[in-house]
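Please take the following as a guided reading of one model, to be followed with the sequence and the coordinates side by side. The text moves from the surface to a pocket, and then on to charged pairs and a loop.

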Amino acid sequence: MIDNEMFNNFVVELRRGSLTLAVLGCLHKSFYGYELLQELQQNEISIEANTLYPLLRRLESQGILTSKWDTTENRPRKYYSLNDDGKEMFNRLLGEWKSMQKNIDGICGRLKNEKLN
């Protein structure tokens, strides 16, 4: 029997790459970190701050995102958005994701009426 911890580990693994795609999808518009976290959560994308912020730093260091500090408010905020390479990366990843989704749906669709023993 599969325990919940094992299942949860598989779910985390399944979501890992999808989170990157979701973040890139949001960043066609500029967001600061907490605002982006809220946007993802409002769209039922489960992500924690301690996952999001390192992801943003990694994507920025890879040249996919640009950032800009806004110091006009009491609390400075770092806004992130896609640059041209980020837009290209998003479009290519989205195409790959759609292709994988179609292929997985094909496999699982064939099995939907079969009982796995």
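**From a surface patch to a loop**

On the surface of this model, which is a predicted one, the residues I2, M6, F7 and F10 form a nonpolar patch, and together they present about 450 Å² of accessible area. Of these residues, F7 can be placed in helix α1, which covers residues 4-26. F7 counts as partly exposed, because its relative accessibility is 49% and the exposed class begins only over 50%.

Helix α1 also takes part in the next feature, since the lining of the largest pocket draws at least two residues from α1 and at least two from α4 (84-111). The volume of this largest pocket is about 410 Å³. Its lining is made up of 13 residues, and those closest to the centre of the pocket are L14, G17, S18, W97 and M100. Which helix gives the largest share of the lining of the largest pocket? That share, seven residues, comes from α4. In chemical character the lining of the largest pocket is mixed, with six nonpolar residues, four polar ones and three charged ones.

Helix α4 holds a charged pair as well, for E88 and R92 form a salt bridge in which the closest N and O atoms are 3.5 Å apart. Both E88 and R92 lie in helix α4, at a spacing of four residues, or about one turn of the helix. The two partners fall into separate accessibility classes: E88 is partly exposed, with a relative accessible area of 42%, whereas R92, at 61% relative accessibility, counts as exposed.

The count of salt bridges in the model comes to two, and the other pairing to consider is that of E60 with K78, whose side chains meet at 3.3 Å, N to O. Because E60 lies in helix α3 and K78 in strand β3 (residues 77-82), this pair ties together parts that are 18 residues apart in sequence. Are E60 and K78 buried or exposed? Each belongs to the class in between, since E60 is partly exposed with a relative accessible area of 24%, and K78 is partly exposed with a relative accessible area of 22%, where buried would require a value under 20%.

From E60 one can turn back along the chain to E48, which is twelve residues away in sequence and, C-alpha to C-alpha, 18 Å away in space. E48 has its place in the loop between α2 (33-42) and α3 (49-61), and with a relative accessible area of 52% it is exposed.

The loop between α2 and α3 also contains E44, and here the backbone deserves attention. Most residues other than glycine have a negative phi. The phi of E44, by contrast, is positive, with a value near 60°, although this residue is not a glycine. At 75% relative accessibility, E44 counts as exposed.

I45 likewise has its place in the loop between α2 and α3, but I45 is partly exposed, with a relative accessible area of 27%. How far apart are the C-alpha atoms of I45 and W69? They are separated by 26 Å, and the two residues stand 24 residues apart along the chain.

Technical notes. Residues numbered from 1 in each chain as written. Predicted model: local features only at pLDDT ≥ 70, side-chain atom pairs only at ≥ 80, totals over all residues. Heavy atoms only, no water. Patch = residues over 30% accessible without salt bridge, like charges linked within 9 Å, V, L, I, M, F, W, Y side chains within 5 Å. Areas by Shrake-Rupley, 256 points an atom, 1.4 Å probe, with all protein chains shown as cover. Salt bridge = Lys/Arg side-chain N within 4 Å of Asp/Glu carboxyl O. Buried < 20%, exposed > 50% of the residue type's maximum accessible area, 1.4 Å probe, protein only. 1 Å grid on protein atoms, 1.4 Å probe; cavity = no way out; pocket = protein on both sides within 12 Å on 5 of 7 lines; lining within 4 Å. Points joined across faces, edges and corners; volume = space filled by probe spheres on them. Nonpolar A, V, L, I, M, F, W, Y, C, P; charged D, E, K, R; others polar.
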